[in-house]
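The following exercises are to be worked through with the structure at hand. Each task is followed by a solution in steps.

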Amino acid sequence: MRNTVLFSDITIVTPDMADSVSIMEHAYCVTSGNTIEYVGVSKEEATQVAESFGEYDVYEGKNRILCPTFVNAHAHASMSIFRNIADDLALEPWLFGEIIPREDKMIAKDFRYGHLLSLAEMIEGGTGCAANMYDGARICSEASVEAGFRCQQTALGKKFIDGVWHTDEDEVRDFVDYCKNETNGLILPSLLVHSIYLYTEDFYTPLKELGEKYKTPISVHISETRTENANCVNQYGMSPVEKLDSFGLLTDTTVAAHCVHLSDNDRTILADRGVWVAHNPSSNMKLASGFADMISMQKAGVRLCLGTDGASSNNNQDMYMEMRLASFMAKATSYDSTVLKASEVFRMATRTGYLACGFTDCGIIGKGMKADLQIVDYDCPQMWPLGNPLSALVYSCGPKCVESTMIDGKFVYYKRELTTIDMERVKAETSESMDRLK
Ligand SMILES: [Zn+2]
C-alpha cells in the first residue's frame, strides 16, 4: 500500500466540532502518512492534494461509507480466552468463582494471544481504539503496537504480597516511559483501580498518589451492581462514587465503567469532576446488573462513551451492537423514543470515546486529524436501501458490513483481510489457552 490514499466519491459520516454529526455525499478524503489532508466534495482539489504527496492509491467509494473508527471505552481484551465458558451467572459468583481463579493461572502467552484475538475482532468490526483495563500492560501493549491498534492501557501498578496489596511504582514508571518512547503514540498509559470493593481502604490513597505522580488517568468500575452499592454503603456509609471521590480518584481524565446504580448526588459529582462514563449495555443486561440511566446522566452533564466490557461477559466486542442497544435501552426504559438519538450514540462510540482515552486528534474526519477510519460497504441486504446514512450505521449496520479499517494511516484490515494479525496463529494459541484454563 502507498503512503497516500484518496477515498473517491464516498459518503462521509463524521462527528463535527459543533457537537453533532455531519453527512457528506459524493465526498473525497485524502490521507497521507497518519494524517487526514483533505475532506470535501471537489474531485479536483482532492486529486491535487493527493498528487502533492507523490504516488497514491485510490479507494473507490461507490456504495461505501467512510466514518471514524469506534472506541471501545471499556475492554478487557485478553479475556476473550474465557469466552463462552462461564455464562448465565450473577456478577459476583461469575467474577470471584469463575474468572479470577482462572486469571490466577494465566501465563504470558494467554495475555498476548487473548489480546490479539480481541483486537482482530474489534478491527474487523470497525473499532480502532480501546480503553483496555487489564494486567499484562507491557505484553498487551507490544501486541497492540504490532497490530497497529490504539489503546489507553492500564498499568497494574500494584503487587499482592502475603495477602496484602502494595503499590508498584517501578512498573508504572517503566510503562509510562515505554508508552512515551516506544509506541509511536499508539498507547497511552492509565492506572488500574479496579473498583471500590477489591482493595482495603488504606490502599486507595497510595494508588491515587501514584497516578498523580506519573500523571496517569484512573480506570475504574463504579456501581456496576446493587450488591456493590449495598456493600459500600454498609462498609463506608457512602456510595462508590462518593467514596472514590473522597480519595480524589475522580477527575477529568478518569474513565469509569458501568455507573448503573447512581443517585442524583453521584451524577452531580461525576459531572462536576468531568469523569468519562463508559456505558456497557450488553454486559449490564447479560449479568443482570441493571439499566444504566443514560438520560439522567446526560441531563446532569456527565460525559458518556460506550464499551463492550470483556468478551467473557458480553460475549462479543461488537460496537455496532452496543450503539444499537444503548439507544434502544434508553428509549425503552424512559418510554420516550426521541431520546439517545442516532447522532448521540454515534458520537459516544467515536469522538467522545477518543477524548475519554486521551487521543484528542482522533474521531473526526477533518483536515489535520489522525487517519483512523473505517469503510462500510452498504451494498448488502442488511443496509439496502441506505436511507439516512447515520441511521443506517446505528440501526442497521453490523461488523460484517465493515470492509476496511485504517488506524494511524495504515490499513490494518483491507478489503476484509487482516494485514497485521496472523489469525491462524492466534486461533491455535487461544484454543490451547482455553483448553488449559477451562
Ligand atoms: Zn469491566
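**Exercise 1: Helices across the sheet**

Task: Determine which strands helix α13 lies across, and at what angle it runs to β15.

Solution. The model is a predicted one. Helix α13, residues 342-349, lies across β6 and β15. Its direction makes an angle of about 80 degrees with β15. Next, consider helix α4 (residues 137-147), which lies across β7, β8 (150-155) and β11 (187-192). Helix α4 runs at about 175 degrees to β8.

**Exercise 2: The open sheet**

Task: State the order of the strands in the open sheet of eight strands, and identify which strands stand at the edges.

Solution. Begin with the order, which is β6-β7-β8-β11-β12-β13-β14-β15, with parallel pairing. The edges are formed by β6 (70-75) and β15 (303-306); each has a single partner strand, so one side of each is left without a neighbour in the sheet. On average, neighbouring strands of this sheet are turned by 30 degrees against each other, direction ignored. Then examine the pairing of β6 with strand β7 (residues 127-132), which is parallel and extends over four bridges. Here N72 stands opposite A130 in β7.

**Exercise 3: The nonpolar cores**

Task: Locate the largest nonpolar core and explain why it lies between domain 1 and domain 2.

Solution. The largest nonpolar core has 124 residues, and those with the most contacts inside it are C29, L66, A256, V277 and A278. Helix α3 (residues 108-124) gives the most to this core, contributing eight residues. Domain 1 (4-68 + 368-418) and domain 2 (70-356) both give residues to the core, so it lies between them. For C29, the contacts, not counting residues up to four places away in sequence, are F7, I10, I12, I36, Y38, V39, L66 and I365. Apart from this core lies another, of five residues, including M79, I81, F82 and A311. As a general point, nonpolar side chains in soluble globular proteins tend to be buried together.

**Exercise 4: The surroundings of V241**

Task: Decide whether V241 is buried or exposed, and list its contacts beyond four places in sequence.

Solution. First, place V241 in helix α8 (residues 240-246). Secondly, apply the cut-off: a residue counts as buried if 20 or more other C-beta atoms lie within 10 Å of its own. V241 has 27 other C-beta atoms within 10 Å, and therefore it is buried. Thirdly, leaving aside neighbours within four places in sequence, V241 is in contact with I222, S223, L262, D266, I269 and L270. Finally, the C-alpha atoms of V241 and S32 are separated by 44 Å, the two residues being 209 residues apart along the chain.

How values were computed: Residues are numbered from 1 along each chain as its sequence is written. This is a predicted model: local features need pLDDT of at least 70, side-chain atom pairs count only at pLDDT 80 or more; totals for chains, interfaces and linings use all residues. A nonpolar core is a set of buried Ala, Val, Leu, Ile, Met, Phe, Trp, Tyr and Cys residues joined through C-beta atoms within 7 Å. A residue is buried if 20 or more other C-beta atoms lie within 10 Å of its own, exposed if 12 or fewer, and partly exposed in between; C-beta atoms are placed from the backbone. Helices (H or I, at least four residues) and strands (E, at least two) are DSSP runs, numbered from the N terminus. Domain bounds come from an automatic or database domain assignment. Two residues are in contact if their C-beta atoms, placed from the backbone, lie within 7 Å. Two strands pair if DSSP finds at least two bridges between them. Axes are lines fitted to C-alpha atoms, for helices over the stretch in contact, and angles run from 0 to 180 degrees between N-to-C directions.
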